[in-house]
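Me: Let's go through some strands in this model. Short questions, short answers, please.

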Amino acid sequence: MAGHSQFKNIMHRKGKQDSVRSKMFSKLAREITVAAKAGMPDPNMNARLRLAIQNAKAQSMPKDNIERAIKKASGADSENYDEVRYEGYGPGGVAVVVEALTDNRNRTASNVRSIFTKAGGALGETGSVSFSFDRVGEITYKAEVGDADKVMEAAIEAGADDVESSEDGHTIICGFEAMNEVSKALEGVLGEAESVKAIWKPQNTVPVDEEKAQSLMKLIDNLEDDDDVQSVYSNFEVSEEILAKLSA
């Protein structure tokens, strides 16, 4: 399992999700606003908006917050957010890809660069590490939708490329261009997904020891704590023993 997925599982087990719910809602709302502004404000006519709303609902974001974020896109005073990608190296030379939505590129670039530097990493040029990742669709379901065989069968029928099942749930990988089609097909069998989004999936992973893993997790945590950062991806991998120790 790639490092960032492992990191998410650790944070989930430690209950960190509750402490950052407000910040998470803010990031989800920003994605909804950007999606609504980029296309039609009607989710039935705007695939990106439909997915943004679905992901917000999966995180129990209140309906009023969702509607407010959509309305904000049509307001005369609504902010203009730019989609920006930053790439760099973290401790141990692992690759890190950061996606942001910002209304001030200089502020965000300065903040991201500072976080990398403090962690002993370095921010690189766009394209410096993303070549070692694939842009794919990721569809997640909670464990209770079915066992691994049921989900695997549904994923194959839907045209997905890969499935990873664990006690934490099911992660289905598909082609980036096929994401909407595959998610709709899966919805017909498994119900609405917990999340549907485009991700950067590492082509290969870099094993790291406990010390490096802790440093990398702090780097990712600090990046995700920034208001402008939407998602962070990395290609590190830790052993089950280290994972258990960090999850304690």
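Me: Why is strand β2 largely enclosed by the rest of the structure?
Reply: The model is predicted: local features need pLDDT of at least 70, side-chain atom pairs count only at pLDDT 80 or more, and totals for chains, interfaces and linings use all residues. Residues are numbered from 1 along each chain as its sequence is written, and side-chain values use heavy atoms, with hydrogens and water left out. Strands are DSSP runs (E, at least two residues), numbered from the N terminus. β2 spans residues 95–102 and is largely enclosed because its buried residues (under 20% relative accessible area, 1.4 Å probe, protein chains only) number eight of the eight.

Me: Which residues cover the two faces of β2?
Reply: Both sides are buried. One side holds Ala95, Val97, Glu99 and Leu101; the other holds Val96, Val98, Ala100 and Thr102.

Me: What is the bridge partner of Gly88 in β2?
Reply: Strands pair if DSSP finds at least two bridges between them. Strand β1 (residues 82–89) runs antiparallel to β2, with eight bridges. The partner of Gly88 is Val96.

Me: Which residue in β9 stands opposite Val98?
Reply: β2 also pairs antiparallel with strand β9 (residues 229–234), over five bridges. Opposite Val98 stands Val232.

Me: In β6, what is the bridge partner of Tyr141?
Reply: Strand β6 (residues 169–175) has five of its seven residues buried. Strand β4 (residues 133–141) pairs antiparallel with β6 over six bridges. Tyr141 has as its partner His170.

Me: How many residues lie between β5 and β6 in their hairpin?
Reply: Strand β5 (residues 162–166) and β6 pair antiparallel over five bridges. Ser165 is bridged to His170. The number of residues between the strands is two.

Terms used: Buried < 20%, exposed > 50% of the residue type's maximum accessible area, 1.4 Å probe, protein only. Helix = DSSP H or I, 4+ residues; strand = E, 2+ residues; numbered from the N terminus.
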